[in-house]
Amino acid sequence: MAYAHETRPGFFELISKDTETYSALWKRPAGGETTIRIAPEIPSGCLFSSPDGARAIAGAVIARGTLKCPAGLAGRELRIAGLEATMTDVLVRLTHSDGRIESHILRPSSPSVVIRGTESLRDLALSYVETGVRHITGGADHLLFVVGLMMIVGNGWRLLQTITSFTIAHSVTLAVATLGYTTPASGPLNLLISLSVMFLAPDVLRAARGETSLTIKSPWVIAFGFGLIHGFGFADGLSTAGLPSSAIPTALLWFNVGVEVGQLGCIAVLLSTAKALRSLDFPWDPFTSTIPAYLIGASGAFWTIERIMAMFYSASL
């Protein structure tokens, strides 16, 4: 569970100055709960120079320089060393000398790419959708919050109302953060997300016992409030990539679509599983219905303690 929210992306941009020279920007995510050790591997025969070296900014370490490759990069392989040992994606964006733009999203399962021609809008959109799906399914804290909401409201109209409220809220803050209007510090933000999971656990238990609370009576209100916080968490998986301003609208739209596809897919699987379990002719112990509440609360507490310790550790450096 230590990797509940370690899906911060990296960004590697190359802009052609002539057929053999490229200005380069490498942005490595930093400042999270774990240190991400990744770096671009320069193709054989190429030379990278960075007179100013690397410098730290909020949430990342960046390096600017010049890449010189005899005969250019066409047909050459670009690889991100160490990526396979992480849960991180890296956006690679290459602007060719003729103005063509080529984008790729490298992942732990595919940490390299062979440079070719420009990428179609369809392929680019699918890449961002897949990144959004991976972000929500790889972020156990986000998923557990949604699971908690589902267990409180059940299915039907109240579930649709609650999930819609959560979706609207996180879409707003995802857009606000990705467009650069405000970007909360990742440490306190992730702490609030883990606290939101802890907050739901007692209400999951109350719902299982037939009791009531504000969350049980008006789940959409709680879903909207915490959805604003989770939206900033989703944005942390996109805006810190350092996307060029021209790419942000496309990335924002399709990344958000991917988040929703992943979220609704998980809900559908859980509802189907619950229906199958209810159909079994098995004498369930009443305590069984309270187990998920304790699991959600324990997970939220674990992440909360872990993130507090990580914040104190970062502050002491």
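At 23% relative accessibility, G187 counts as partly exposed, because that value lies between the 20% limit for buried and the 50% limit for exposed. The model you're looking at is predicted, and G187 sits in its helix α4. From there, let's look at the chain as a whole and then at a few of its parts.

**The whole chain**
- Eight helices and ten strands make up the secondary structure of the protein chain.
- The protein chain has 317 residues, and 48% of them are buried.
- About 15100 Å² of the protein chain is exposed, with 65% of that area coming from carbon and sulfur atoms.
- Take the contacts with a separation of 6 or more: 71% of them in the protein chain are between residues 24 or more positions apart.

**Helix α4 and its surroundings**
- Helix α4 runs over residues 186–208, which gives it 23 residues.
- From first C-alpha to last, α4 reaches 33 Å, close to the 33 Å expected at 1.5 Å a residue.
- Just after α4 comes G210, and this glycine takes a positive phi of about 80°.
- Back in α4, G187 has its C-alpha 9.9 Å from that of F312, even though the two residues are 125 apart along the chain.

**Strand β2 and its two partners**
- β2 covers residues 21–29 and is mostly tucked away, with seven of its nine residues buried.
- One partner of β2 is β1 (residues 10–16), and the two pair in the antiparallel sense over six bridges.
- Four residues lie between β1 and β2, and the two strands form a hairpin.
- Want a pair to find in the model? Look for F12, which stands opposite W26 in β2.
- β2 also pairs with β6 (residues 60–68), again in the antiparallel sense, this time over nine bridges.
- Here the pair to look for is L25 and R64, with L25 standing opposite R64 in β6.

**A nonpolar patch on the surface**
- F287, I291, Y294 and L295 form a nonpolar patch on the surface.
- Together these four residues have about 410 Å² of accessible area.
- L295 belongs to helix α8, which spans residues 291–316.
- L295 has a relative accessible area of 55%, so this leucine counts as exposed.
- That 55% also clears the patch cut-off, since patch residues need over 30% relative accessible area.

Notes: Residues are numbered from 1 along each chain as its sequence is written. This is a predicted model: local features need pLDDT of at least 70, side-chain atom pairs count only at pLDDT 80 or more; totals for chains, interfaces and linings use all residues. Side-chain values use heavy atoms; hydrogens and water are left out. Patches are made of residues with over 30% relative accessible area and no salt bridge: like charges are joined within 9 Å, nonpolar side chains (Val, Leu, Ile, Met, Phe, Trp, Tyr) within 5 Å. Accessible areas come from the Shrake-Rupley method with a 1.4 Å probe; for residues, only the protein chains shown count as cover. A salt bridge is a side-chain nitrogen of Lys or Arg within 4 Å of a carboxyl oxygen of Asp or Glu. Buried means under 20% relative accessible area, exposed over 50%, partly exposed in between (1.4 Å probe, protein chains only). The expected span of a helix is 1.5 Å times one less than its number of residues. Contact means heavy atoms within 4.5 Å. Two strands pair if DSSP finds at least two bridges between them.
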